[in-house]
Amino acid sequence: MRTPFREQWLGFAGLAAACALVVIAFRGTFAEMARQWIESPTYQHGLLILPVCVWLIWRQRAAVAAAPLAPSLSLLPAVVALAVIWMASELARFSLGAQLAATAMLAIAPVVVLGREATRPIAFPLFFLIFAVPMGEELVPALMRYTADFAVMALVVTGVPVFRDGMVISLPGADFEVVKACSGIRYLLTAVVASTLFAYFTFASVARRVVFVAVSFLVAILANGLRACVVMLAAHLSDYRFGLGVDHLVFGWVWFGVVMLALMAAGNRFSDRGERDRKSTRLNSSHRYRSRM
């Protein structure tokens, strides 16, 4: 007769084997994702996703080990569907579809092997894996248009003479072009990833987490428009001594850091983690009291 301890380690061994099987089966897709993380500055945050997920799962190892193991074979049709989606995406040369399917397969594997009860404590890390997929390029044209629109509107309000021709914004003495790097896509992706992780630790309510991430999404877009406007205005007012070189890149990331810190400070004021922990403590104390009667 197997002991619970042995069953737990067999479960973890099965989990490792299932994940390894997924990685091996879709190694070409995962290798392409890793190449994009390394080569594209837009997706370099992807290098941190897997280590963060492993760390988050390790933090919950006791909860996972304490839960009963009951493989969820009902998810096998979902696994088959994801495999079909991956194959169709590969045939259509739709790399994003293939990467999403392979990553979803990696997230579902623990649920199939360990069961829903055992994987409930690590549901967030498994969901967080989705941020490893290099995506967001589709938003770049819209973000570029918004940045140009916002910058021109703000400059007009400040009284600076401005003329726009497509993505080129002309001020007296210099022209500024809104290119992909100015779209704020890096701001946006980094903000969504960071705010999702922050919301997980700060809020117990799923609704609050979703609201915070949505607000961070909108603030990141607004912050990039303000950044573009401030850079152009600073260049104009300094007779173009500032804002045309590496200083505007430094300002951009400093500005982004200040915005994210302000967002997190504001979000921390609405944290409900302490309230939930107090309720849990009172409930546990009540149970202990009743057990002594």
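Reader: What makes an empty space a cavity here, and how many are there of 30 Å³ or more?
Author: On a 1 Å grid over the protein atoms alone, a cavity is a set of points where a 1.4 Å probe fits but cannot get out. Volume is the space filled by probe spheres set on the points, with points joined across faces, edges and corners. By this rule there are two cavities of 30 Å³ or more. The model is predicted: local features need pLDDT of at least 70, side-chain atom pairs pLDDT 80 or more, and totals for chains, interfaces and linings use all residues. Numbering runs from 1 along each chain as its sequence is written, and side-chain values use heavy atoms, without hydrogens and water.

Reader: What lines the largest cavity?
Author: The largest cavity holds about 40 Å³. Lining residues have an atom within 4 Å of a point, and here they are L143, Y146, T147, S183, G184, L188, A220, I221 and N224. Two or more of them come from each of α9 (140-158) and α11. Helices are DSSP runs (H or I, at least four residues), numbered from the N terminus.

Reader: How many charged residues are in that lining?
Author: None; five are nonpolar and four polar. Charged means Asp, Glu, Lys or Arg; nonpolar means Ala, Val, Leu, Ile, Met, Phe, Trp, Tyr, Cys or Pro; the others, Gly among them, are polar.

Reader: What makes a space a pocket instead?
Author: A pocket is an open set with protein on both sides within 12 Å along at least five of seven lines. The second largest pocket has about 320 Å³. Its 14 lining residues include A123, F124, Y200, V206 and R209, which lie nearest its centre.

Reader: Which helix gives the most to that lining?
Author: α11, with four residues.
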